[in-house]
Amino acid sequence: MTTRTDTISPAPPRTRRDWTWVARQPLVGPLAALILAVVVFSIGSPRFLSPYNLSLIGQQSIVIGILAVAQTIVILTAGIDLSIGAIAVLGTIVMAKTVQSAGGVGALLIALVVCVAVGAINGSLASFLRLPPFIVTLGTFTAVAAASQLYAGSATYPVTDPLLTFFGQDFGIGAWRTTLGVGLLVVVYAVTFYVLNQTAGGKHVYAVGGNPTAARFTGIKINRTLLMVYIMTGVIAMIAAWAALGRIPNADPNAYQTANLDTITAVVIGGTSLFGGRGSVVGTLIGTLIVGVLRNGLTLIGVDNLYQNIATGVLVILAVAFDQIARRRTQ
């Protein structure tokens, strides 16, 4: 007579796979890059970690950080917006030129209408006419940049209205002082994070970017989703324009010429895939800080601004290359 004995295999010992799981998390790479940049520049310049300079990095990241939120939403749909910086600049010009006749609130509302209108044009062309977002927004960028120059008469306009410069007010937390614009940046990220992760509309954005065919079969209205995404970029661009006047109370049609490159850099470095459907605004925030730390640190150690642009361009190429490699490995 044979008896059957059940044996329980011992649990497998922990191996390095536990650590590889951590390394595969999308935010680990950007966070490690941010920490590395902080360490390098703190060694290169004793002023880097001073409370004043850290506050300055935050303030310098306000406008690009807010615009990067809009860029993230667009890229999540597998699109891109090359006009986002130009829309924000147009918003500052509109506010500066209408505030005398319409008042602070009126200037904000007019700028909102203008920015949303441009976003709606982008969205309509990219969704209903199915034109490539790259071509659409490149054309819009050229047109809006020229319109800003014409409307401003190639001149700059100082802004003194307290409402338009509201986010330039500073406040302190102990020895650290910053501006209300930094608080606005945090609020924009928090609201966008909630919308993308806790609402049906946010889930539709990921679905459209990840697999538009499957999204259509599940009943998601792709054209309407894309239109709303580009309208939201107009709203966010107006918020960035308002924050820009708080940062520097001067409307300049030549401002933020590298905004498109900086926002795309922040988004891609933060782990959002240019192919759509994957990424988060948390990663974009980290990417924004990386761009801010990079530009600030290079300035402190005496690197020319043109070389900073070269470094930013190289970062974009490297980030896209890593994204492509990761995409191939998952297929």
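A residue is taken as buried when its relative accessible area is under 20%. In the predicted model described here, Asp-262 has a relative accessibility of 5% and therefore counts as buried. This residue belongs to helix α11, which comprises residues 259-269. When neighbours within four places in sequence are set aside, the contacts of Asp-262 are with Ile-64, Val-291, Arg-295 and Thr-312.

A second buried position was examined in helix α12, formed by residues 281-300. Val-293, located in this helix, has a relative accessible area of 5% and is likewise buried. With residues up to four places away in sequence not counted, Val-293 touches Leu-34, Ala-37, Val-38, Phe-41, Phe-48 and Ile-57. Arg-278 stands 15 residues from Val-293 along the chain, and the C-alpha atoms of the two are separated by 25 Å.

The chain as a whole provides the setting for these positions. It contains 13 helices and four strands, and its C-alpha trace spans about 100 × 55 × 35 Å along the principal axes. Of its 331 residues, 44% count as buried. Among contacts with a separation of 6 or more, 76% are made by residues 24 or more positions apart.

Helix packing was then considered, beginning with α4 (62-76) and its contact with α7 (180-198). The axes of α4 and α7 come within 8 Å of each other and cross at roughly 15°. Because angles under 35 degrees count as roughly parallel, α4 and α7 are therefore described as roughly parallel to each other. The crossing of α4 past α7 is left-handed. On the α4 side, the contact is formed by Ile-62, Gly-65, Ile-66, Ala-68, Val-69, Ile-73 and Leu-76. These residues meet Gly-181, Val-182, Leu-184, Leu-185, Val-188, Tyr-189, Thr-192 and Leu-196 in α7. By class, twelve residues of this contact are nonpolar and three are polar, with no charged residues.

Helix α4 also packs against α5, which covers residues 84-127. Here the angle is about 135°, and the axes lie 10 Å apart. The two helices are therefore oblique to each other, and α4 passes α5 in a right-handed crossing. The contact brings Leu-67, Ala-70 and Gln-71 of α4 together with Ile-84, Gly-85 and Ala-88 of α5. Four of the residues in this contact are nonpolar, two are polar and none is charged.

Both α4 and α7 also take part in covering helix α8, which consists of residues 200-210. The buried residues of α8 are Gly-202, Val-205, Tyr-206, Val-208 and Gly-209. Viewed down the helix axis, these buried residues fall within an arc of 165°, so they line one face of α8. The cover over them includes, besides α4 and α7, the helices α9 (212-217) and α10 (222-247). The face of α8 turned away from the buried side carries Ala-200 and Gly-210, which are exposed.

Taken together, these contacts place α4 in several packing arrangements. Helix α4 is roughly parallel to α7, oblique to α5, and among the elements that cover the buried residues of α8. A residue of α4 (62-76) is also reached from elsewhere in the chain, since the contacts of Asp-262 include Ile-64.

Methods. Residues numbered from 1 in each chain as written. Predicted model: local features only at pLDDT ≥ 70, side-chain atom pairs only at ≥ 80, totals over all residues. Heavy atoms only, no water. Buried < 20%, exposed > 50% of the residue type's maximum accessible area, 1.4 Å probe, protein only. Arc of directions from axis to C-beta. Contact = heavy atoms within 4.5 Å. Axes fitted to C-alpha atoms, helices over the stretch in contact; angles between N-to-C directions. Parallel < 35°, antiparallel > 145°, perpendicular 65-115°, else oblique. Left-handed = near helix turned anticlockwise from the far one by under 90°. Nonpolar A, V, L, I, M, F, W, Y, C, P; charged D, E, K, R; others polar.
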